[in-house]
Amino acid sequence: MSWQEVAKKSDVEEGEALQVCVSGEPIAIYNVGGTLFATHDICTHAHAHLSDGYIEGDCVECPLHGGVFRISTGEAVSGPVQKPLRIFPIKVEGESILIDG
Amino acid sequence: MRRDVRVTVIGAGQAAARCISTMRHAGFDGGITLIGEETHLPYERPPLSKEALFGETGFKAPHVLDDSFYGDHEVDLELGKRVEAIDPGAGAVDLGNGLRIKSDRILIATGSRARTVSIPGVAPERILSLRNIEDAKRLKPLLDGRNRVVLIGGGFIGLEIAAGAIRRGCAVTVIEARPRLIERAVSPHVSMHLQRLHADNGVKFRFGVTIVSGRQGATETELMLSDGTSVVADVIVAGVGALPNSEPAAAAGIRCTNGISVDKNCRTSSGIVWAAGDVAMRVHPWFGREMRLESWESAEHQARIAGLSIAASLVGTDATEGEEEPPPWFWSDQYGLNLQILGCVCDSESTVRRMSNDGEKGMIFHFRGRDLIGAELISAGRERPLVKKLLQTGWPLPAEKLGDTGMSLKELLAASTAAVAA
């Protein structure tokens, strides 16, 4: 594990998500009210990208089958999902977004 | 809650598991017995026509609840057992070999079974169906290589099987008695979209014909069609709808029509018996009439209603769920396409399309009179939460405005919310 720069702060607007790749793993970066979070990008239920999902508050809803995860913790909140999402440490240095992955 | 009360849950599928977890979360700490004909803990069925057939070998259907839930929450399991009779008067459920379980409340969540097809000249065991994990295990090795697969019925299960089988190299023919695909549940536009997608992938269709007879070879079967032609199959799968497993309820004198009739709280005509899921016939506010919905969402939703209502009845209140009833929701995955249906499409009188320029993605809104009643989303699942809100808010503005892609759905939702409030 090591910190890697994956994007610029300006790449993820508030209420939006962005897909990045760290060590071959797809990761979704979210901007929730100005705070950044990172989870694995693939839903734990079926093969769908959560960076394409619908963000409301601090939850993301999977575009395929409506599974809802809490972005900050990865917890499975509702819908056909049981397994939590893996989350990744994320930090901002200057204009850069770094992920420990 | 009293510890000396007991609830028996018949059927061990999605609705049964969700009802049990709802009752426990609501604070019910009496006894619970779960009876299921299958030997498995309640599992998710949507993957049966997808990953279970075409995913990696050793697929395990995800369980609805964690395996530890049943032990942690003291749920007695009677799996692999069949209910012989229900006696609402005595609060009893009879299993074979003289075992009788007495309880204060009963939930019937026995689901539905595949409607069978009989073809003169063809042994019934040659006509397969797909309802449970054992069916999927039997089918999986057959949908491989050069087998010629004939699907009877161009519905959701048939089409999902077709999509997987053709990618496995099978030759696939779908025989549909009606003039278009999934006529009962989707609009003509979506039928055509799906038909084109499947045809582009090599699936052959025979519309408006039925199978009149068959001739069996050693392993293959020739199916004679009503238009005088025939199709040869190595594998035959029928997906022509499902029938409710409501016979034990009917035999117990519980009111049944096409399924077990329940009120808005999922209570049956017997005061101590509830029903939920595929087996239940309930007046859905989005349809305004009794409907038997066979979907993941309906099983989940009805099970929550039933669980809360059962728990409330045991402490002497008659609680209803309280929250607004969400529009019915259904999804299907075929190739890379994800179809979602929200609300009520079958009663549609007019439509407004909101599609991408290439026609591959987008949505179709459905109206009855001036009322927005449903929507079909083609590979546009990201918009589902907004479409759901639009359906719940209503659309008091001119219908065609929903097709204006110059405005985002968020903006349209804001416009409709403002117009409703005004």
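In the predicted model, B:Ala26 lies in the loop that runs between α1 and β2 of chain B. This residue counts as partly exposed, because 18 C-beta neighbours are found inside 10 Å, a number that falls short of the 20 or more required for a buried residue. Once its neighbours within four places in sequence are left aside, B:Ala26 is in contact with B:Gly307, B:Leu308 and B:Ala311. A further relation across the sequence is given by B:Ala312, which stands 286 residues away from B:Ala26 along the chain, while the C-alpha atoms of the two are separated by 8.6 Å.

The helix that precedes this loop, α1(B), comprises residues 14–25. At 1.5 Å a residue its 12 residues should span 16 Å, and since the end C-alpha atoms are 16 Å apart, the expected and modelled values agree. The helix is mostly covered, with 10 of its 12 residues buried; these are B:Gln14, B:Ala15, B:Ala16, B:Ala17, B:Arg18, B:Cys19, B:Ile20, B:Ser21, B:Thr22 and B:Met23. The cover over the buried residues includes the strands β1 (6–10), β2 (31–36), β3 (75–79) and β7 (105–108) of chain B, together with the helices α3 (67–72) and α8 (296–314) of that chain. After the helix comes B:Gly27, which has a positive phi near 100°.

Two packed helices are described by the angle between their axes and the distance between the axes. For α1(B) and α8(B), the angle is about 35° and the axes are 7 Å apart, and the crossing is right-handed. From α1(B), the residues that take part are B:Gln14, B:Ala15, B:Arg18, B:Cys19, B:Thr22 and B:Met23. An α-helix has 3.6 residues a turn, so residues three or four places apart point the same way. On the side of α8(B), the residues met include B:Trp296, B:Ala299, B:Glu300, B:Ala303, B:Gly307 and B:Ile310. Taken by class, the contact between α1(B) and α8(B) has 10 nonpolar, 4 polar and 3 charged residues.

At the level of domains, the assignment for chain B gives domain 1 (6–113 + 242–314), domain 2 (116–238) and domain 3 (329–421). The centres of domain 2 and domain 3 of chain B, taken over C-alpha atoms, are separated by 31 Å, and 14 residues of domain 2 are in contact with 14 residues of domain 3. On the side of domain 2 of chain B that touches domain 3, the elements contributing two or more residues are α5 (156–167) and α6 (188–200) of chain B, and the largest share, 5 residues, comes from α6(B). The residues on this side of domain 2 of chain B divide into 8 nonpolar, 4 polar and 2 charged.

Of the elements at this contact, α5(B) was examined further. Its 12 residues should span 16 Å at 1.5 Å a residue, and the separation of 17 Å between its end C-alpha atoms agrees with that expectation. Because 10 of its 12 residues are buried, α5(B) is largely enclosed by the rest of the structure. The buried set consists of B:Phe156, B:Ile157, B:Gly158, B:Leu159, B:Glu160, B:Ile161, B:Ala162, B:Ala163, B:Gly164 and B:Ala165. Among the elements that cover these residues are the helices α2 (51–54) and α6 of chain B, as well as the strands β10 (148–152), β11 (171–176), β16 (235–238) and β23 of that chain. The helix α5(B) is followed by B:Gly169, with a positive phi near 100°.

Most residues other than glycine have a negative phi. B:Cys266, although not a glycine, has a positive phi of about 70°; this residue is placed in the loop between β19 (259–262) and β20 (273–275) of chain B, and is buried because 30 other C-beta atoms lie within 10 Å. B:Tyr335, likewise a residue other than glycine, has a positive phi near 55° and belongs to the loop between β23 (329–334) and β24 (337–343) of chain B. With 17 other C-beta atoms within 10 Å, B:Tyr335 is partly exposed.

Between the chains, 11 residues of chain A are in contact with 9 residues of chain B. The residues on the side of chain A that touches chain B divide into 4 nonpolar, 4 polar and 3 charged.

Note on methods: Residues are numbered from 1 along each chain as its sequence is written. Chains are lettered from A and ligands numbered from 1 in the order in which they are written. This is a predicted model: local features need pLDDT of at least 70, side-chain atom pairs count only at pLDDT 80 or more; totals for chains, interfaces and linings use all residues. Two residues are in contact if their C-beta atoms, placed from the backbone, lie within 7 Å. Ala, Val, Leu, Ile, Met, Phe, Trp, Tyr, Cys and Pro count as nonpolar, Asp, Glu, Lys and Arg as charged, and the others, Gly among them, as polar. Helices (H or I, at least four residues) and strands (E, at least two) are DSSP runs, numbered from the N terminus. The expected span of a helix is 1.5 Å times one less than its number of residues. Domain bounds come from an automatic or database domain assignment. Axes are lines fitted to C-alpha atoms, for helices over the stretch in contact, and angles run from 0 to 180 degrees between N-to-C directions. A crossing is left-handed if the near helix is turned anticlockwise from the far one by less than a right angle, and right-handed if clockwise.
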